[in-house]
Amino acid sequence: MREKIPNDGSGNAERFLKKFQREFKVIFSQKKISTERKDRLWQNIDQEINQPFISKSNYLPLGLAASLSFLLVFFTYQFLISQSDQMEALAARADMSSVTETQLILSEDETLLLENDDSDIDYSKKGEINIDRKAKAAASSEYNTLIVPYGKKSRLTLEDGTKVWVNSGSKLIYPVSFNDKERKLFVEGEAFFEVAKDEKRPFTVQSKNMDLRVLGTAFNISSYPDESTVSAVLVSGSVEIHTDKKAIFKGKGHMLKPNDRAVFGPATGEVKIKPVDTEYYVAWKDGYIKLRNTNLKTISKRLEKFYNVKIELVDPSINEETFTGKLDLKQDLEEVLDILTATTSLKYSKNERRYLLMK
């Protein structure tokens, strides 16, 4: 692709633009692009942009120069979007409806089943994968997919040292190895991140309706497909969130400070940010949930995800009864329900994996 912009005033600049466009289309049509080729692409773009738009006799027409600049921006944007779409497509193809064990999808032909309720996955810089402290496999494709069904949790250490706690009912799609310019992955569901600091490679967590861009920090994102909002809670560091994911020029996003919580409603397009006690939103990664005047409808929804059961509130008036305290998720569900019913004057009955709460 290495080629100078013609400056002889002969009309070859227009032909160069067409060739430049064709080569970008060839690159974008490929499902996998090596890190080396990506680096060469960005180097070439940078060199082409810095070539002066000058012919022997005069400057190239302003419209032509503007067209070249627009094409460079447009195709670069399409390249970035194609990477994002690829991860989102992998998430869409990863069916969770019938999954009962945590799955680590290494390639189309290789999927590992993790039997533990709380699994631990560690990627080394050599490309080896250790599962629950035992060497299990070698990374075999550009992206891996982690599926954590309801009733399970998982901890993941990426090759750059970033630690991720993945909650029940969640998917994480991530590169086996990050490139030299950025670190980017996709989450559906809920995850807590402790990002390894690297000022040269920003870290971006993408979800369907919100992107978070950081350098090194700790935060939680919740983006379940069955919930009407997406939220992010910042524990330390700084985070910039973007909700207009399809815009070419995203502009300045919303900056979060430590202890801020941002809630985005895709239906309204509104972002609300307020200070919170982060323990109420991130304690799940340590095996408990902290509640303060939280209604039973909200509590039951969370317990359904943690324990992979159905909890039905028989009387609608029960929905707004509240509970304050801590629930230990390491206990059996019935022990947790005993605590809830003892403090709310309720009782429960069980039918297989379905629990009924009633007065």
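## A walk through the model

Start by selecting threonine 102, which sits in strand E1, the stretch covering residues 102-107. Keep in mind as you go that this is a predicted model. Is threonine 102 buried or exposed? Threonine 102 counts as buried because its relative accessible area is 0%, and buried means under 20%. Now show what surrounds it. Leaving aside neighbours within four places in sequence, threonine 102 is in contact with Leu112, Leu113, Leu114, Ser119, Leu146, Ile147, Val148, Pro149 and Lys152.

Zoom out for a moment and colour by secondary structure. You should have six helices and 23 strands on screen. The protein has 359 residues, and buried ones make up 47% of them. Of the contacts with a separation of 6 or more, 54% are between residues 24 or more positions apart. If you switch on the surface, the accessible area comes to about 18,700 Å², with 49% of that belonging to carbon and sulfur atoms.

Next, the salt bridges. How many does a search of the whole structure find? The count is 19. Here are some to click on.

**Stop one: arginine 183 and aspartate 160.** Select both and show their side chains, which meet in a salt bridge at 2.6 Å, N to O. Arginine 183 is in strand E10 (residues 183-194) and aspartate 160 is in the loop between strand E7 (153-157) and strand E8 (163-166), so the pair ties together parts that are 23 residues apart in sequence. Arginine 183 is buried, at 0% relative accessibility. Aspartate 160 counts as buried too, at 12%.

**Stop two: lysine 305 and glutamate 227.** These two form a salt bridge whose closest N and O atoms are 3.6 Å apart. Look for lysine 305 in helix H5 (residues 296-307) and for glutamate 227 in the loop between strand E13 (218-223) and strand E14 (230-236); the pair therefore ties together parts 78 residues apart in sequence. Turn on the surface again and check each partner. Lysine 305 counts as buried at 11% relative accessibility, whereas glutamate 227 is partly exposed, with a relative accessible area of 35%.

**Stop three: glutamate 312 and arginine 354.** Here the closest N and O atoms of the salt bridge are 2.5 Å apart. The pair links distant parts of the chain, with glutamate 312 in strand E20 (residues 310-313) and arginine 354 in strand E23 (residues 354-358), 42 residues apart. Glutamate 312 is partly exposed, at 31% relative accessible area, and arginine 354 is partly exposed as well, at 33%.

**Stop four: a network.** Select Asp277, Glu279, Lys290 and Lys326 together. Which kind of interaction links them in a network? Salt bridges link these four residues.

**Last stop: a charged patch.** Go back to the surface view and pick Asp328, Asp332, Glu335 and Asp338. They gather in a patch of negative charge on the surface. To see one member in its setting, show the cartoon and centre on aspartate 338, which lies in helix H6 (residues 333-344). Aspartate 338 counts as partly exposed because its relative accessibility is 41%, between the 20% limit for buried and the 50% limit for exposed.

Definitions and conventions: Residues numbered from 1 in each chain as written. Predicted model: local features only at pLDDT ≥ 70, side-chain atom pairs only at ≥ 80, totals over all residues. Heavy atoms only, no water. Patch = residues over 30% accessible without salt bridge, like charges linked within 9 Å, V, L, I, M, F, W, Y side chains within 5 Å. Areas by Shrake-Rupley, 256 points an atom, 1.4 Å probe, with all protein chains shown as cover. Lys, Arg positive; Asp, Glu negative; His and termini not counted. Charge placed at Lys NZ, Arg CZ, Asp CG, Glu CD. Helix = DSSP H or I, 4+ residues; strand = E, 2+ residues; numbered from the N terminus. Buried < 20%, exposed > 50% of the residue type's maximum accessible area, 1.4 Å probe, protein only. Contact = heavy atoms within 4.5 Å.
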